[in-house]
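Thank you all for coming. Before I start, please take a moment to look over the sequence and the model on the screen.

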Amino acid sequence: MSTESPDIGFFARLKLQWFLFLRATIGLWVKANVLPRPFSDLQIDLEKPVYYIIDSYALSSLLILDRSCEENNLPRPLWPMELQSGDEPRSYLALRRKKGLIIRRTEVRSHSETLKRLVEKVCDGQEEDINLVPVTVLIGRAPDKETGLAKIFFTESWDIGGRIWRFINSLVNGRHTMVQFSNPISLRELADEGRGAPRSLRKVSRILRVHFQRVRSAAIGPDLSHRRTVVEAVLRSPEVRAAIAEQARKEKISVQKAERQGRSFAFEIAANYSYAFVRVASFALTWFWNRIYDGVELQHFRKFQQLAPNYEIIYVPCHRSHIDYLLFSYFVYHNGLVPPHIAAGVNLNLPIVGRFLRKGGAFFLRRSFRSQKLYSAVFHEYLARILSNGTSIEYFVEGTRSRTGRLLQPKGGMLAMTVRSYIRSPVRPVMFQPIYVGYEKLVEGNSYTAELSGRKKKSESLGDLFKVFGVLKKRYGKVHVSFAEPVLLDELLDRTEPQWRENTAGSDDRPTWLNPLVDELGQEIMTGINEAAHVNTVNLLAVILLTTRKLAMGRAELLDQLELYLDLLSRCRYSERITYTEKSATKIVSYGIELGIIENREHPLGDIVAIVPAQSILLTYFRNNVSHLVAVPSLIASCFLNRSAIEPELLQRIALALFPFLKNELFLPWDEAGFIQAIDDHIEWLVQHELLTKSEKDGVLRRPHGGSLKEQQLRVMGHALLQTFERYYITVAILARNGSGTMTRGELERLCFLTAQRMSQLNEFAAPEFSDQHLFRQFIALLREAGILRTNEEEKLEFNEMIQQLSNDAKYILSREIRHGILRAAQQAIKHPDQE
């Protein structure tokens, strides 16, 4: 379609010049931010006629749209539409218009006459096709910058403002305007459905109305009621009324007093979302991010943005830092979507702070309320109400911040409540959006280091606010936020229980299949987060340098190892959404020195790069962020730490024996067949890089000669997960040494903890999670699920022959020195079980 100036009559050209004059005038203070980003993602075929659709007519919106089209080399809406069946006077239409000179009211009509004419032309065969491009223009809702407190009083809302309001809004907020182009709707595709022109007109009108409502809702949020109104609605629900009556009977109090308790719970929970506060906070946070970070990079956001208007969104990011709350909401808002309501622990409901967090969308929940039926009913009803209202929600399924850098096992509480709320009243389909957040430095770095070193976690307090002044004095590198493949709840429900709609609609009963479904949902979310990981410079340096005895390596060898890992990430793709730093090996080292995590030590025989001593513990955190990405090559390489050659069949057997435990701990994405394929792919890569050789005669794999550069590179790779395998062996060794049926589960967990603790104090540097009692408990639980362990009538653990096999396989991965050290420490723990 041509974008050249049209050939029109005198009066039409005069009118066009008047519009262009107004456009130039309003352009003095209006600056539009055009979405999507990049604009090339917009799928408009310029060979076909393009008609722009706006929701409600406003001259300012039309002029802003015309300038945006001109700047992006699109056909102009102010120009006539040239069609084979006869020209249209303009290339835009509005679904709604206002009438009246002084008191203006929205015109009541079922459809636009222009739209009717276009549909008829295509359905009758007068035109081959016409593309309708929906465009949303929001003044005062630009996903870029917010400056000045006055701007919050004139901004977009669900009311359609009049001429005076629009004029003032454009003056005040003109430089914070968003123009959202959406993918075109083909009238030919509608006509080919054979519905006829009248039905096709009704369908496209309905599609456009729903589209504009969803885009507007995604950008400025749903039309929320006042907080007090929401609370009263929650208290009137049948479920909460029943819980109030039960509370009154149980506590032997009046119904009125029980209702006051319920109302108190509701106000303790409920958010008090404020558009005005969000805009003020956005202004402050823009300054804050620019002060402490060198940039925030979003990955795969456009794919999510295309799906978002069609779903109720549940954001489920990993939880690395308290910054997550602010960072994520800020960048969702600045990319054209409304910030979600965030489930926050009641520990953050501090005086003053809690009030501001509520205005930003936070709603609070207690750590546990299983035994508090009234509180549970109120919270469940509140969650169901905001979900059905179209409010996006964010919560952390890990339940707390990870102190080790690895993803924690998902907690099912919020997931179960979300699923139950949806199946009770499935208004719009729900989409869980897993999100990976990766930092190069942590704001809480010092407190994490203290906690990882054994110090008890401190509770949050108002005094923590004063720490922000220290934060402002430092730089924390870049942040990477990556959107994973979404999890669609309807698809998961259909797989689990095909008749769920018929069996659960309107019911509050807890279905028997709910717990397995929630477990699967949690695993899919965590696996998705890991599949969207970004590998930054700090991750790579930590993965390599923490494998060395002195936490140091020759600079030349480090550069070679970095190049090796960069090639591994490129060629052996863990998933399509994995991204990694674009820096070269040399720049990675320079950047690590700049961040203060490593240092360069000059030496006559070649420079040495070493971890800054104070950073060694914290770097285990960043290594653990990406340990799942190196799990397969590390497992293969570790089999050659103590053997020069191994048969592929034996390597596969060892790998499959460890696979269930690695999959659970690291949220690996494969089933057994996929895992074996990943093993084969990595073996092929190792052979290509001469880190292994494969015999053509019998397929035996051999490592390079001892002392060579290739052998050293393989050894570094093999040590990446070595302490994880040592932790597994501690459990197996204690079981084998004590014998079947001699220990309870609690006794085994404690002996494992004491053994690991002693090992970490006697030997080389060990990661803080090496003696994490939770990880031992998790491993023991997996042994029970696999049928390797079982509990007898005396609550003692009995095991089968698999324990002995795992113990025997340890010699292929762990050196004799390590195995004997574990056995000695285990024996001492058995003799003195009460000592720590």
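I will go through the nonpolar cores and then some of the salt bridges. Please keep in mind throughout that this is a predicted model.

Let me begin with the interior, where the largest nonpolar core takes in 196 residues, and where the residues with the most contacts inside that core are W289, F363, Y395, F432 and I525. The element that gives the most to this core is helix α26, residues 648-666, which supplies ten residues. There is also a second, separate core of 26 residues, and among its members are I54, I64, Y92 and V135.

Now to the charged side chains, which form 36 salt bridges in the structure. Which residue does D66 pair with in a salt bridge? The partner is R76, with the closest N and O atoms 2.9 Å apart; D66 sits in helix α2, whereas R76 lies in the loop between α2 and β3, ten residues apart. Both D66 and R76 are buried, and the two belong to a network of salt bridges that also links R23 and E70.

Another pair joins two helices, since E259 in helix α9 and R241 in helix α8 are 18 residues apart, and their side chains meet at 3.4 Å, N to O. Here R241 counts as partly exposed, at 31% relative accessibility.

Finally, K478 and E297 form a salt bridge at 3.0 Å, N to O. Because K478 lies in the loop between α17 and β15 while E297 is in strand β9, this pair ties together parts that are 181 residues apart in sequence. K478 is partly exposed, with a relative accessible area of 26%, and E297 also counts as partly exposed, at 29%.

Key: Residues numbered from 1 in each chain as written. Predicted model: local features only at pLDDT ≥ 70, side-chain atom pairs only at ≥ 80, totals over all residues. Heavy atoms only, no water. Core = buried A, V, L, I, M, F, W, Y, C linked by side-chain atoms within 4.5 Å. Buried < 20%, exposed > 50% of the residue type's maximum accessible area, 1.4 Å probe, protein only. Helix = DSSP H or I, 4+ residues; strand = E, 2+ residues; numbered from the N terminus. Salt bridge = Lys/Arg side-chain N within 4 Å of Asp/Glu carboxyl O.
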